[in-house]
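Please open the structure in your viewer and keep the selection box handy. We will take a short walk through it together, one stop at a time.

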Amino acid sequence: MKRIVIICGSIAGAIVASMTIITIAMSYRSGNLSSNMMLGYATMLLAFSLIFVGIKNYRDKYQNGIISFGKAFKTGLYIALIASTIYVVVWLISYYLFFPDFMELYTTCTLNELKAGGATQIQVDAKVAEMNSYKEMYKNPLMIILLTYTEILPLGILVSLICAFILKRKTKPAQITV
């Protein structure tokens with residue numbers, strides 16, 4: 001299981017990390033973050049498709065076609081943790097070395113979208129307070145790590161649950177002989 005988890009987790013992490021760098025760079029170039037958010041989450045979903053591959057591979061090659069829901073979920077969770085950790089590490093490096101003004105750009109984009117959507121001054125003021133809170137959190141590296149994990153890991157857990165439910169098998173499939 002260890003080998004499959006490391007390989008699938010590393011590939012998924014590489015996919016998500018590379019797309020993160022590309023989308024952030026595109027955002028900085030365009031000055032708009034929202035359009036790349038959907039692309040980012042779609043990439044995460046694509047990367048987490050390796051959870052399915054990993055669980056199926058482990059079940060079929062090492063478990064004789066049998067795997068419990070718990071074992072399948074655990075395998076998927078480990079893959080998600082490795083991919084998420086790679087994502088977090090790449091984001092930390094990117095943030096501190098290349099995009100230290102990210103929170104300023106994010107705040108500006110968020111407030112511009114809110115105003116363009118016809119928000120009232122009370123709504124804008126509430127969002128300003130919320131964004132200032134995030135800026136304060138982003139001064140602490142531990143908070144950056146926790147916030148970044150909350151972006152990706154819940155999706156990995158959800159995909160792990162779905163894949164474990166789909167791929168669990170209590171008995172070996174019948175062999176068809178011709």
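The stops below cover three helix pairs and then a pocket, all in a predicted model.

**Stop 1: α1 and α3**

Start by selecting residues 2-30, which form helix α1, and residues 49-62, which form helix α3. Their axes come within 9 Å and cross at roughly 165 degrees. An angle over 145 degrees counts as roughly antiparallel, so that is how α1 runs relative to α3. The crossing of this pair, α1 and α3, is right-handed.

Now show side chains. On the α1 side, pick Ile-4, Cys-8, Ile-11, Ala-12 and Ile-15; they meet Leu-50, Gly-54, Asn-57, Tyr-58 and Tyr-62 of α3. Colour this contact between α1 and α3 by class and you should find eight nonpolar residues, two polar ones and no charged ones.

**Stop 2: α3 and α4**

Keep α3 on screen and add α4, residues 69-97. How far apart are the axes of α3 and α4, and at what angle do they pack? The axes are 9 Å apart, and the angle is about 135 degrees, which makes α3 oblique to α4. Here too, α3 passes α4 in a right-handed crossing.

To see the contact, select Leu-50, Ile-51, Gly-54, Ile-55 and Tyr-58 in α3, together with Lys-71, Ala-72, Thr-75, Gly-76, Ile-79 and Ala-80 in α4. By class, the contact of α3 with α4 has seven nonpolar residues, three polar and one charged.

**Stop 3: α3 and α7**

Next, swap α4 for α7, residues 141-167. The axes of α3 and α7 come within 9 Å and cross at roughly 35 degrees, in a right-handed crossing.

From α3, highlight Ile-51, Phe-52, Ile-55, Lys-56 and Arg-59. Their partners in α7 are Gly-156, Val-159, Ser-160, Cys-163, Ala-164, Ile-166 and Leu-167. Sorted by class, the contact of α3 with α7 holds eight nonpolar, two polar and two charged residues.

**Stop 4: the largest pocket**

Finally, leave the helix pairs and turn on a surface. Which residues lie nearest the centre of the largest pocket? Select Met-37, Tyr-87, Phe-102, Tyr-106 and Glu-151 to find them, out of 27 residues in the lining. The volume of this largest pocket is about 660 Å³.

Several helices give two or more residues to the lining of the largest pocket, including α1, α2 (34-47), α5 (102-116) and α6 (121-137). The pocket lining divides into 16 nonpolar, eight polar and three charged residues.

Key. Residues numbered from 1 in each chain as written. Predicted model: local features only at pLDDT ≥ 70, side-chain atom pairs only at ≥ 80, totals over all residues. Heavy atoms only, no water. Axes fitted to C-alpha atoms, helices over the stretch in contact; angles between N-to-C directions. Helix = DSSP H or I, 4+ residues; strand = E, 2+ residues; numbered from the N terminus. Parallel < 35°, antiparallel > 145°, perpendicular 65-115°, else oblique. Left-handed = near helix turned anticlockwise from the far one by under 90°. Contact = heavy atoms within 4.5 Å. Nonpolar A, V, L, I, M, F, W, Y, C, P; charged D, E, K, R; others polar. 1 Å grid on protein atoms, 1.4 Å probe; cavity = no way out; pocket = protein on both sides within 12 Å on 5 of 7 lines; lining within 4 Å. Points joined across faces, edges and corners; volume = space filled by probe spheres on them.
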